[in-house]
Amino acid sequence: MTLAAIPGETLARRLQEATPDAVVEWDDAAVWVRPEAMASVAAFLHDDPDIDFAFLNAISAIDFVEHFELVYHLMSLAKEHTGVVRSRVYGREEPTAASVVNVWKGADFQEREIWDLMGIRFTGHPNMKRIMLWEGFDGHPLRKDFL
Amino acid sequence: MTIRTEPMTVNVGPQHPSTHGVFRVRITFDGEDIVEVEPVLGYLHRGTEKLAEERNYVQVVTLTDRLDYTSSMINNQAYCLAVEQLLGIEPPPRGKYLRTLAAELQRIASHLIAVGFFVQELGAFGTPLMYTFRSRERILDLFEMLCGARITVSYMRPGGVFSDAPTDFWPALDQFLDDFEGELEEIENLLLNNEILMVRTRGVSPLPADVAINCSVSGPVLRASGINWDWRKMAPYDAYDQVEFDVPVGNTGDNYDRFWVRMQEVRQSLRIVRQCIAQIEPGPVRLELPMVLRAEPGAEAYGRVEASKGELGFFLVSDGGVSPYRCKIRSPSLINLTITEHLLLGWKLADMIVSLGSVDINMGEVDR
């Protein structure tokens, strides 16, 4: 792998200046932010000329049972570097995170898929409907308690 | 004099010969003009990510065949790279070369399908498709020699490939490359400067670079919009750092550019295959690994490749067990569909099928 990865600490430091209270913690590979702050975090990472995360590679959702985790793989085409932003979402009844679709249109289908299969709602998404399964399907199959 | 029209909503698909599988798009027309577009997905959803949580690391390889079934080799490769990253292992050099070679043959096969159907959708029924399928068939024959299967190959394994190529594979491959050189020239002569094709596709449904980036578009569609980004160059895997090739880049991202980029990539893939044949050395093709693999608890890996449709990624999370705790598939076909609305709105009915064809989606991968 030749593409440089921005350390979580660098991202955390920049985010603490721009969006206070958003950052939860960080390690070498990623920075954790609060799910409700995700929209402003996304806007900053996208617009900042040094970070320049213009491209959203993937959003993944993981069910760790005591919480859900969202993982955003990001990159800059111009600067040729990558970065990872993560967010822990608590609660199993109505877990919610802020949608990043206004920053990256590429999040549209991915957020709908996460709602459909993992049951995390994204506030601010213009079309928060199921995408793979039909409306009225009972449950979210990728959750660990769905058997 | 203008004719009074009123909007009409039409369902295209899911059972439609030109939607590349069971893709459905609800389109509202005003006369011939497209005014509203809504893609409807999920008809081929099989829950691959959930199924992967119930199988061990090696067994998941068979599931990846069934994602984009026109480029199974590349799916195998992406998944195996992710597992190798998770375990911190690297296949032996011969294994890497065999993978690169198989993946490039697969890319040729996949692009031949894309180009063949694209021209078919322009109204050239049958003939061009037969030209491209003639060559693709030979590649599938080669795959059969490698692993006994043509579509659901499962040829690659974490740590290398399932077995070395049989001795009669190499002369058969040489024969194919010699024949294909002429066959490709024939296809190029027929299509690249074909006047009807150019009139129908040039300037139609252009995709500006900034829209492509914002919509997370990848692969030939991104490069057609003028962005030089190829994961084989940006983060070389397997033997791609040992071979030379160019990255063809389009201009305006119209339907013609998307078609043109794929045609050029076939040539580059041929170059890579020839270099692999020249460079490959005898040796083991697969690491000695336990039958059942286990990764460290909490280990994570995001393995990605430049698949025939774009960036194919596998995000694996381990809990120390024999199967992945989570296996997320970043599918290029699904995310490339984000631009459907942008491509179709304002264009005519006759261009709709062609524009969808120019994106080259595969429903096995969109729905997973």
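The secondary structure of chain B in this predicted model comprises 15 helices and 8 strands. Because its radius of gyration is 21 Å, close to the 21 Å that the globule rule gives for 368 residues, chain B is as compact as a globular protein of that length. Taken along the principal axes, the box filled by the C-alpha atoms of chain B is roughly 75 × 45 × 35 Å. Burial offers another view of the fold: of the 368 residues of chain B, 53% count as buried. The contacts inside the chain can be sorted by distance along the sequence as well. Among those in chain B between residues at least 6 apart in sequence, 71% join residues at least 24 apart.

How confident is the predictor here? For chain B the mean pLDDT is 90, and 99% of the residues of this chain reach 70 or more. The model as a whole scores 0.90 for ipTM and 0.90 for pTM.

Attention now turns to the place where the two chains meet. Chain B brings 28 residues to the contact, while chain A brings 24 residues. On the side of chain B that touches chain A, the elements giving two or more residues are the helices α1 (48-52), α8 (209-214) and α12 (332-336), together with the strands β7 (311-317) and β8 (326-330), all of chain B. The element that gives the most to this side is β7(B), with 4 residues. Sorted by class, the side of chain B that touches chain A holds 14 nonpolar residues, alongside 7 polar and 7 charged ones.

Within chain A, a good helix to look at is α2. Helix α2 of chain A covers residues 38-47, and 7 of its 10 residues are buried, so it is largely enclosed by the rest of the structure. The buried residues of α2(A) are M38(A), A39(A), V41(A), A42(A), F44(A), L45(A) and H46(A). What do they pack against? Their partners are the helix α1 (8-18) and the strands β3 (30-33), β5 (68-76), β6 (81-89) and β7 (96-98), all of chain A.

One of these partners, β3(A), also takes part in a strand pair. Strand β2 of chain A (residues 23-26) is joined to β3(A) by 3 bridges, and the two strands run antiparallel. In this pairing, V23(A) stands opposite V33(A) of β3(A). The link from β2(A) to β3(A) is a hairpin through 3 residues. Strand β3(A) is thus a handy landmark when tracing chain A: it pairs with β2(A) and packs against buried residues of α2(A).

Terms used. Residues are numbered from 1 along each chain as its sequence is written. Chains are lettered from A and ligands numbered from 1 in the order in which they are written. This is a predicted model: local features need pLDDT of at least 70, side-chain atom pairs count only at pLDDT 80 or more; totals for chains, interfaces and linings use all residues. Two residues are in contact if their C-beta atoms, placed from the backbone, lie within 7 Å. Ala, Val, Leu, Ile, Met, Phe, Trp, Tyr, Cys and Pro count as nonpolar, Asp, Glu, Lys and Arg as charged, and the others, Gly among them, as polar. A residue is buried if 20 or more other C-beta atoms lie within 10 Å of its own, exposed if 12 or fewer, and partly exposed in between; C-beta atoms are placed from the backbone. Two strands pair if DSSP finds at least two bridges between them. pLDDT is the predictor's confidence in each residue, from 0 to 100. The radius of gyration is taken over C-alpha atoms; the globule rule is 2.2 Å times the number of residues to the power 0.38.
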